[in-house]
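Let's work through a few exercises together, one small step at a time. Keep the sequence and the 3D view open while you read.

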Amino acid sequence: MTTRREREQQVVVEGRVIADFGREFLVEFADRRQIVCTRKGRKQDATCGDFVEVRLTGSAQGSIERVGTRRNLLFRSDQWSEKTLAANVDQVVILLAPKPPFSEAFLNMSLVACDAARIPVLIALNKSDLPEHVETRSKLTPYERIGYSLITMSAKIDIAPLLPHLENKLTLLVGQSGMGKSKTVNALVLSDVARVGELTAARDSGAHTTTFSRFYRLDKDTAIIDTPGFQSFGLFHLTEDQIGEAMREFRPYLGACKFNDCAHLSEPGCAIIAAAKKREISAERLSFYQVLIEQHPEWKK
């Protein structure tokens, strides 16, 4: 005769990871019930947005038995480690601001990571109420020319310009610290932010509220995933070819170089360098790419 605890442990329920605390995960089920789960064994391969199968180990606890197939996965990496940000998203919003000035290297790396993962991107310039906004907006015009969508907004005053772009999508928000991402999230889902904050505080894990990705539902068909602010977006997980392909304006010229293994650094007959000389590719973007490749582990071998 099985005990109640044994019967509970035989139950496997499908859910979605809505908060990633590193070694623990908050999983939401179809009935909106939420429980804290661990990943079976030493695997830590679940992330926010994942669909998972959970074996219940108690009334409010479970073990993730399986991670479902992903449509996409966005993560950043350096020479020491990788950090997953989210899975199964419909788009990424990169939040920028004129003050403190955003890093153009961060923007470019974020764009490369998203394009390499085949995830649509929206650039959102926040703090439109600041006098520096107009000049910063003009600096982003080259990104519109190569096909990136751009909006301006002020999370402090009016979040409305962002709302139509979020409808019926799961959107991942990324941005450096100081870009106003917390204000943006608060303006969208203040009640949910407070609720998850209460959960983590109750578990004596207040640092979780600013350290890991979290999923917030805006309505039945619309949600966002908020990531912690970070200052760099490492791309060590991508190959040289993947980085080149992720540079949108490079694509028409790829395969047209004199040498098949051209790295587009200084090789004779390079179609990318020739396009930059004709101003068909911006010198700034080519320079960004070349620095990235020179720092890449493959190039250093």
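**Exercise 1. Find the residues that Leu107 touches, then place Leu107 in its core.**

Step 1. Leave aside the neighbours of Leu107 within four places in sequence; the contacts that remain are Ile94, Leu96, Phe102, Ile123, Leu140 and Tyr143. Contact means heavy atoms within 4.5 Å.

Step 2. Before going on, note what kind of model this is. It is a predicted model, in which local features need pLDDT of at least 70 and side-chain atom pairs count only at pLDDT 80 or more, while totals for chains, interfaces and linings use all residues. Residues are numbered from 1 along each chain as its sequence is written, and side-chain values use heavy atoms, with hydrogens and water left out.

Step 3. Now look for the core. The largest nonpolar core has 62 residues, and Leu107 is one of those with the most contacts inside it, along with Leu74, Leu172 and Phe233. A nonpolar core is a set of buried Ala, Val, Leu, Ile, Met, Phe, Trp, Tyr and Cys residues joined through side-chain atoms within 4.5 Å. Buried means under 20% relative accessible area, exposed over 50%, and partly exposed in between (1.4 Å probe, protein chains only).

Step 4. Helix α2, residues 104–116, gives the most to this core, with 7 residues. Helices (H or I, at least four residues) and strands (E, at least two) are DSSP runs, numbered from the N terminus.

Step 5. A second, separate core has 16 residues, including Ala124, Val185, Val189 and Tyr216. In soluble globular proteins, nonpolar side chains tend to be buried together.

**Exercise 2. Describe the whole chain in numbers.**

Step 1. Count the secondary structure: the protein chain has 11 helices and 13 strands.

Step 2. Turn to burial: of the 301 residues in the chain, 48% are buried.

Step 3. Take the contacts with a separation of 6 or more; residues 24 or more positions apart account for 66% of them.

**Exercise 3. Is Gly49 buried or exposed, and is Glu65 buried or partly exposed?**

Step 1. Gly49 sits in the loop between β3 and β4. Its relative accessible area is 0%, so Gly49 is buried.

Step 2. Apart from neighbours within four places in sequence, Gly49 is in contact with Arg16, Val17, Ala87, Asn88 and Ile225.

Step 3. Glu65 belongs to strand β5. Because its relative accessibility is 23%, Glu65 counts as partly exposed.

Step 4. With neighbours within four places set aside, Glu65 is in contact with Arg39, Lys40, Glu53 and Arg55. From Glu65 to Arg55 there are 10 residues in sequence and 6.4 Å in space, C-alpha to C-alpha.

**Exercise 4. Classify the aromatic pair.**

Step 1. A search of the whole structure finds 1 aromatic pair. Rings of Phe, Tyr and Trp (its six-membered ring) pair if their centres lie within 6.5 Å; planes under 30 degrees apart count as stacked, over 60 as edge-to-face and the rest as tilted.

Step 2. The ring centres of Phe250 and Tyr289 are 5.2 Å apart and their planes stand at 70°, so the pair is edge-to-face.

Step 3. Phe250 lies in the loop between α8 and α9, and Tyr289 lies in helix α10, so the pair ties together parts that are 39 residues apart in sequence.

Step 4. Both Phe250 and Tyr289 are buried.

**Exercise 5. Inspect some backbone angles.**

Step 1. Lys99 and Pro100 are joined by a cis peptide bond, with omega about -5°. Pro100 is in the loop between β8 (91–96) and α2.

Step 2. Arg32 has a phi near 75°, a positive value in a residue other than glycine. This residue, Arg32, lies in the loop between β2 and β3 (34–39), and Arg32 is partly exposed, with a relative accessible area of 41%.

Step 3. His264 also has a positive phi, near 60°. The loop between α8 (240–246) and α9 (271–277) holds His264, and His264 is buried, with a relative accessible area of 7%.
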